[in-house]
Amino acid sequence: MHKKIYLSILLLTVCLFIVFSNTSVQAKTNYIHKFPKSLKGTWYSYGKDVDGKNKMNKLVINEKSFRFHPYKKHRVFIGCQPPKTKHEKEFYKKTEKWLYGISFNQKGHEWIKFYGWQQQAGYGGNYNVRMINGHKVLSIGDGAGNWICGHYYQSKKLALKMGSRHYHGFKYYPTIK
């Protein structure tokens with residue numbers, strides 16, 4: 001009796017192993033093909049800089065300032081293997097400031113992650129625009145956890161009013177005192 005139970009459990013375990021080992025999850029990468037209109041414009045934030053002084057920051061987002069380019073498979077030049085031929089050097093110089101983007105959802109909100117065309121490592125920068133308390137807010141995050149670097153607003157007046165406000169549903173870097 002014990003042998004039958006043991007063999008049944010062993011057989012079930014082997015079957016489950018085969019089923020789950022052959023199942024692979026492949027997330028589709030959603031490359032964006034044009035620069036998002038929702039990000040475009042002049043944005044402002046107000047808060048403390050690295051010296052602890054209050055400062056108004058201005059961020060202009062458009063195709064020219066971000067040098068967005070729709071993604072296509074390309075050769076990435078690794079730091080220890082710089083471009084060697086004339087053609088490679090010309091291509092690298094042309095593309096070194098290009099960005100491409102992918103979209104992803106986090107907690108029900110769409111984000112755009114921008115990578116450098118020749119970026120070899122790192123997480124890129126994440127951008128999201130949504131209505132918060134009746135205002136259009138650009139949130140910028142980075143890192144694997146999408147930690148918020150700041151929130152930007154469409155006017156200096158609103159940026160002054162909101163300051164370094166934190167909103168529910170975002171992860172923030174810990175403050176150092």
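Here are some worked exercises on this structure, which is a predicted model.

**Exercise 1: Getting your bearings**

Find out how many helices and strands the protein chain has, and in what pattern they follow each other.

*Solution.* Start by counting: there are four helices and eight strands in the protein chain. Next, walk along the sequence, and you'll meet them in the pattern α-β-β-β-α-α-β-β-β-β-β-α. Then look at burial: of the 177 residues in the protein chain, 32% are buried. Finally, check the contacts with a separation of 6 or more: 47% of them come from residues 24 or more positions apart.

**Exercise 2: The open sheet**

Work out the strand order of the open sheet, and say which strands stand at its edges.

*Solution.* Six strands make up the open sheet, in the order E1-E4-E5-E6-E7-E8, and their pairing is antiparallel. Now look for strands with a single partner: these are E1 and E8 (147-152), so each has one side without a neighbour in the sheet. For a look inside the sheet, take E4 (residues 99-106) and E5: they run antiparallel and are joined by eight bridges. To pin down one of the residue pairs, pick Tyr-100, whose bridge partner in E5 is Tyr-115.

**Exercise 3: A hairpin**

Describe how E2 and E3 are paired, and find the residue with a positive phi in the turn.

*Solution.* First, the pairing: E2 and E3 (residues 54-61) are antiparallel, with eight bridges between them. One position to look at is Gly-47, which stands opposite Lys-55 in E3. Then move to the turn. The two strands form a hairpin with five residues in between, and Gly-52 in that turn has a positive phi of about 80°.

**Exercise 4: One salt bridge**

Which side chains meet in the salt bridge, and where along the chain do they sit?

*Solution.* The structure holds one salt bridge. Its partners are the side chains of Lys-40 and Glu-63, at 2.9 Å from N to O. Now place them: Lys-40 is in the loop between E1 (30-31) and E2 (41-48), while Glu-63 is in helix H2 (residues 63-66). They're 23 residues apart, and the pair links distant parts of the chain. Last step, buried or exposed? Partly exposed means between 20% and 50% relative accessible area. Lys-40 has 31% relative accessibility, so it counts as partly exposed. Glu-63, at 38%, counts as partly exposed too.

**Exercise 5: Rings and a charge**

Sort out how Phe-68 and Phe-114 pair, then look for an aromatic cluster and a charge over a ring.

*Solution.* A search of the whole structure turns up 18 aromatic pairs. One of them is Phe-68 with Phe-114: their centres are 6.3 Å apart, with 80° between the planes. An angle over 60 degrees counts as edge-to-face, so that's the label here. In the chain, Phe-68 lies in the loop between H2 and H3 (86-95), and Phe-114 lies in E5 (residues 109-116), 46 residues apart. Both Phe-68 and Phe-114 are buried.

For the cluster, gather Tyr-31, Tyr-71, Trp-98, Tyr-100, Tyr-115 and Trp-117: they form one aromatic cluster. For the charge, go to Trp-147: the charged end of Lys-171 sits over its ring, 5.5 Å from the ring centre.

**Exercise 6: Two neighbourhoods**

Is Asn-146 buried or exposed, and which residues does it touch?

*Solution.* Asn-146 is found in the loop between E7 (135-142) and E8. Its relative accessible area is 5%, so Asn-146 is buried. Leaving out residues up to four places away in sequence, Asn-146 touches Phe-104, Gln-106, Trp-111, Asn-126, Gly-141 and Lys-171. With one of these, Asn-126, the side chain of Asn-146 makes a side-chain polar contact at 2.8 Å.

Now which residues does Glu-110 touch?

*Solution.* Glu-110 belongs to strand E5. With residues up to four places away in sequence left out, Glu-110 touches Ser-103, Phe-104, Asn-105, Tyr-127 and Asn-128. Take Asn-128: Glu-110 is 18 residues from Asn-128 in sequence, and their C-alpha atoms are 6.6 Å apart in space.

Note on methods: Residues are numbered from 1 along each chain as its sequence is written. This is a predicted model: local features need pLDDT of at least 70, side-chain atom pairs count only at pLDDT 80 or more; totals for chains, interfaces and linings use all residues. Side-chain values use heavy atoms; hydrogens and water are left out. A salt bridge is a side-chain nitrogen of Lys or Arg within 4 Å of a carboxyl oxygen of Asp or Glu. Buried means under 20% relative accessible area, exposed over 50%, partly exposed in between (1.4 Å probe, protein chains only). Rings of Phe, Tyr and Trp (its six-membered ring) pair if their centres lie within 6.5 Å; planes under 30 degrees apart count as stacked, over 60 as edge-to-face and the rest as tilted. A charge sits over a ring if NZ of Lys or CZ of Arg is within 6 Å of the ring centre and within 35 degrees of the ring normal. Two strands pair if DSSP finds at least two bridges between them. A polar contact is a pair of N or O atoms within 3.5 Å; within protein, one must be able to donate a hydrogen and the other to accept it, and residues adjacent in sequence count only if both atoms are side-chain atoms. Contact means heavy atoms within 4.5 Å.
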